[in-house]
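Here are a few worked exercises to try with the model open in your viewer. Have a go at each task before reading its solution.

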Amino acid sequence: MTATLGPGPEAPLGAAAYLRCLRGIVWREALRFLHQRERFVAALVRPLVWLFVFAAGLRALLEASIPAPDGSAAPYEVYIVPGLVGMIQLFNGMQSSLSMVYDREMGSMRTLLLSPLPRWYLLACKLLAGVAVSLLQVAAFLAIAWLWGIRPPPWGYLAALPALLLSGLMLGALGLLLSSVVRQLENFAGIMNFVIFPLFFASSALYPLSRFQETSPLLHAICQANPFTHAVELIRFALYGRVEPTALAVVAGCALLFMALAVYGYDPARGMMARRGGPAG
């Protein structure tokens, strides 16, 4: 009997390879964040301007207090903190996906996507790295808000961590989906404005939805259909140690949907890359 010489089947990758990949992508994103200090400052300036400037003026136009999830009355600046936290995560998700488009134009994305690891896992690692960065930004903002006197129940910070993780995954997956569709860096910057501002302003981030229900039923329906609204409500209830079931279901479902579409979009055989003439690189 003669033995046939030739390359055998590739050995399956072990858990160490997956962990090494996750550590490398997270570390790369962390270094990029540390080297771009203006990105950290910009991430805090936007919500702090709303908190310190606009909240003072808008509180005079609204009622003195707004019902909080625990039934107590909360000042307007306390009400908008969860919405501003969502703003940080929304902008970070778009910023992280913007880096994906940049890497694709520079060619480094091809090196990543040609890895023997599954493409969905590579995208998931990128998503987790972006969420980790957003959690650092949120922690800094909540610390500043605490010094300003906006202090939810102490256990609320710990209870909000799963909600922040889930909302960050949904918004980051949305960014990945957009980066799989947009080919050029210049086009992505314009699309970000058409995504970020409608999502943010047509939500419960700045105003209670009950105000819209009486004045504009159509706008109220749009806000209810906005997944960002449910992300904000999930964070708002979590800060008081409570769970909003509808928000939890919508955010979890949208996170899975956006991630599945992003994986499809980055598939060179079936997704948007196939229609654009090749793999992302």
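A residue counts as buried when its relative accessible area is under 20%. Keep in mind that this is a predicted model.

**Exercise 1. Decide whether Cys-223 is buried or exposed, do likewise for Cys-125, and find how many disulfides the structure has.**

Step 1: Start with Cys-223. Its relative accessibility is 0%, so Cys-223 is buried.

Step 2: Move on to Cys-125. With a relative accessible area of 2%, Cys-125 is buried because the cut-off is 20%.

Step 3: Now look for disulfides, which need two cysteine sulfur atoms within 2.5 Å. Searching the whole structure turns up 0 of them.

**Exercise 2. Describe the overall make-up of the chain: which elements does it have, and in what pattern?**

Step 1: Count the elements. There are 12 helices and 2 strands.

Step 2: Put them in sequence order. The pattern reads α-α-β-β-α-α-α-α-α-α-α-α-α-α.

Step 3: Check burial for the chain as a whole. It has 281 residues, and 47% of them count as buried.

Step 4: See how far along the sequence the contacts reach. Take the contacts with a separation of 6 or more: 77% of them involve residues 24 or more positions apart.

**Exercise 3. Place Tyr-121 in the fold and work out what it touches.**

Step 1: Find its element. Tyr-121 sits in helix α5, which covers residues 119-147.

Step 2: Judge its burial. Tyr-121 has 13% relative accessibility, so it is buried.

Step 3: List its contacts, skipping neighbours within four places in sequence. That leaves Tyr-18, Leu-19, Cys-21 and Leu-22.

Step 4: Look at one of those pairs. Tyr-121 and Leu-22 are 99 residues apart along the chain, yet their C-alpha atoms are 8.8 Å apart.

**Exercise 4. Work out how α5 and α6 cross.**

Step 1: Pick what to read off. Two packed helices are described by the angle and the distance between their axes.

Step 2: Get those values. The axes of α5 and α6 (residues 154-181) come within 9 Å and cross at roughly 130°. That angle makes α5 oblique to α6.

Step 3: Add the hand. The α5 and α6 crossing is right-handed.

Step 4: Sort the contact residues by class. The contact of α5 with α6 has 15 nonpolar, 2 polar and 1 charged residues. Among those taking part are Lys-126 and Trp-146 from α5, and Gly-168 and Gly-172 from α6.

**Exercise 5. Repeat the analysis for α6 and α11.**

Step 1: Read the geometry. The axes of α6 and α11 (residues 245-265) come within 8 Å and cross at roughly 30°. So α6 is roughly parallel to α11.

Step 2: Give the hand. α6 passes α11 in a left-handed crossing.

Step 3: Check the classes. The contact of α6 with α11 has 16 nonpolar residues, 3 polar and no charged. Met-170 and Ser-180 are among the α6 residues involved, while α11 brings in residues including Cys-254 and Phe-258.

**Exercise 6. Which residues does Gln-89 touch, and is Gln-89 buried or exposed?**

Step 1: Locate Gln-89. It belongs to helix α3, residues 76-106.

Step 2: Check accessibility. Gln-89 is at 2%, so it counts as buried.

Step 3: List the contacts, leaving out residues up to four places away in sequence. Gln-89 touches Ser-134, Leu-135, Val-138, Leu-164, Ser-167, Gly-168, Leu-171 and Ile-235.

Step 4: Link back to Exercise 4. Leu-135 and Val-138 of α5 also take part in the contact with α6, as do Leu-164 and Gly-168 on the α6 side.

Key:
Residues numbered from 1 in each chain as written. Predicted model: local features only at pLDDT ≥ 70, side-chain atom pairs only at ≥ 80, totals over all residues. Heavy atoms only, no water. Helix = DSSP H or I, 4+ residues; strand = E, 2+ residues; numbered from the N terminus. Buried < 20%, exposed > 50% of the residue type's maximum accessible area, 1.4 Å probe, protein only. Contact = heavy atoms within 4.5 Å. Axes fitted to C-alpha atoms, helices over the stretch in contact; angles between N-to-C directions. Parallel < 35°, antiparallel > 145°, perpendicular 65-115°, else oblique. Left-handed = near helix turned anticlockwise from the far one by under 90°. Nonpolar A, V, L, I, M, F, W, Y, C, P; charged D, E, K, R; others polar.
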